[in-house]
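The following exercises are to be worked through with the sequence and the model at hand. Each task is followed by a solution in steps.

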Amino acid sequence: MGVRLFSEPFDPWALVREREQALPMEKLGATSVFVGRMRDFNAAQDIRGMFLEHYPGMTERELERIVAAAQARWPSITCEVAHRVGSIDPAETLVLVAVWSAHRVAARDACAEILERLKHEAPFWKRERLADGSERWVEQNTPGS
């Protein structure tokens, strides 16, 4: 299991390639990847940036718990989760969830579950910087559907 936090921009596709170099790809017929980027709008307002607060140590443990729960449900999966913290600009990668499995359903479903649990359970707090220079805390995540 790979869980990483980045305070600087990261290349999600480089992380996927890096992880695949260490995996027995001949046994893994499916990869499901979700890459989320920061939008320049939210709740009908223009956003210029965001600061993502977290508790070091606690955040990583919670992400590891979420991934471990998915691996208990789908024992054959391998996962990579990366998330930004700190100051983030629109278009920068915010989150990567990648899941490898022998079969597509396990990869797809595990990826979706990890992402949804991460968005609702991991201890992150978002403070958006609005176009007018003011700031606001995000009170709830965008619905998954």
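**Exercise 1. Determine whether T59 is buried or exposed, and identify its surroundings.**

Step 1. In this predicted model, the relative accessibility of T59 is 0%. The limit for a buried residue is under 20%, so T59 counts as buried.

Step 2. T59 belongs to helix α2.

Step 3. Once neighbours within four places in sequence are set aside, the contacts of T59 are L5, H54, P123 and F124.

**Exercise 2. Examine the length of helix α2 and the placement of its buried residues.**

Step 1. Helix α2 contains 16 residues. At 1.5 Å a residue, 22 Å is expected, and the distance from the first C-alpha to the last is 23 Å, close to that value.

Step 2. The buried residues in α2 are T59, E62, L63, I66, V67 and A70. These residues cover an arc of only 135° around the axis, which puts them on the same side of α2.

Step 3. R61 and A72 are exposed on the other side of α2.

Step 4. The packing partners of the buried residues of α2 are β1 (2-6), β4 (45-54), β5, α3 and β8 (124-130).

**Exercise 3. Carry out the corresponding analysis for helix α3.**

Step 1. Helix α3 runs over residues 104-121, which is 18 residues. At 1.5 Å a residue the helix should span 26 Å. Its end C-alpha atoms lie 25 Å apart, which agrees with the expected span.

Step 2. In α3, the residues that count as buried are A106, A107, A110, C111, I114, L115, R117 and L118.

Step 3. These buried residues of α3 pack against the strands β2 (30-37), β5 (78-84) and β7 (93-101), and against helix α2 (58-73).

**Exercise 4. How many aromatic pairs are there, and what is the geometry of each?**

Step 1. A pair of aromatic rings is described by the distance of the centres and the angle of the planes. The count comes to two aromatic pairs.

Step 2. One is the pair of F6 and F10, with 4.7 Å from centre to centre and 25° between the planes. Planes under 30 degrees apart count as stacked, and the F6 and F10 pair is accordingly classed as stacked.

Step 3. The other pair is formed by Y55 and W125, with 5.3 Å from centre to centre and 75° between the planes. An angle over 60 degrees counts as edge-to-face, and the Y55 and W125 pair is classed in that way.

Step 4. Y55 is located in the loop between β4 and α2, whereas W125 is in strand β8, so this pair ties together parts that are 70 residues apart in sequence.

Step 5. The accessibility of each ring-bearing residue may now be added. F6, at 21% relative accessibility, counts as partly exposed, while F10 is buried with a relative accessible area of 10%. Y55 is partly exposed at 48%, and W125 is partly exposed at 37%.

**Exercise 5. Over which ring does the charged end of R39 sit?**

Step 1. The ring is that of F41.

Step 2. The charged end of R39 is 5.3 Å from the centre of this ring.

**Exercise 6. Describe the two residues, A44 and A91, that have a positive phi without being glycine.**

Step 1. The phi of A44 is positive, at about 65°. A44 lies in the loop between β3 (41-42) and β4, and at 84% relative accessibility A44 counts as exposed.

Step 2. The phi of A91 is near 80°. A91 lies in the loop between β6 (86-88) and β7, and A91 is exposed, with a relative accessible area of 56%.

**Exercise 7. Characterise the protein as a whole.**

Step 1. The protein has three helices and nine strands. Along the sequence, these follow the pattern β-α-β-β-β-α-β-β-β-α-β-β.

Step 2. The radius of gyration is 16 Å, close to the 15 Å given by the globule rule for 145 residues, so the protein is as compact as a globular protein of that length.

Step 3. Taken along the principal axes, the C-alpha atoms fill a box of roughly 50 × 30 × 25 Å.

Step 4. Of the 145 residues, 42% are buried.

Step 5. Among contacts with a separation of 6 or more, 73% come from residues 24 or more positions apart.

How values were computed: Residues numbered from 1 in each chain as written. Predicted model: local features only at pLDDT ≥ 70, side-chain atom pairs only at ≥ 80, totals over all residues. Heavy atoms only, no water. Helix = DSSP H or I, 4+ residues; strand = E, 2+ residues; numbered from the N terminus. Expected span 1.5 Å × (residues − 1). Buried < 20%, exposed > 50% of the residue type's maximum accessible area, 1.4 Å probe, protein only. Contact = heavy atoms within 4.5 Å. Arc of directions from axis to C-beta. Phe/Tyr/Trp six-rings, centres within 6.5 Å; stacked < 30°, edge-to-face > 60°. Lys NZ or Arg CZ within 6 Å of the ring centre and 35° of its normal. Rg over C-alpha atoms; globule rule 2.2 N^0.38 Å.
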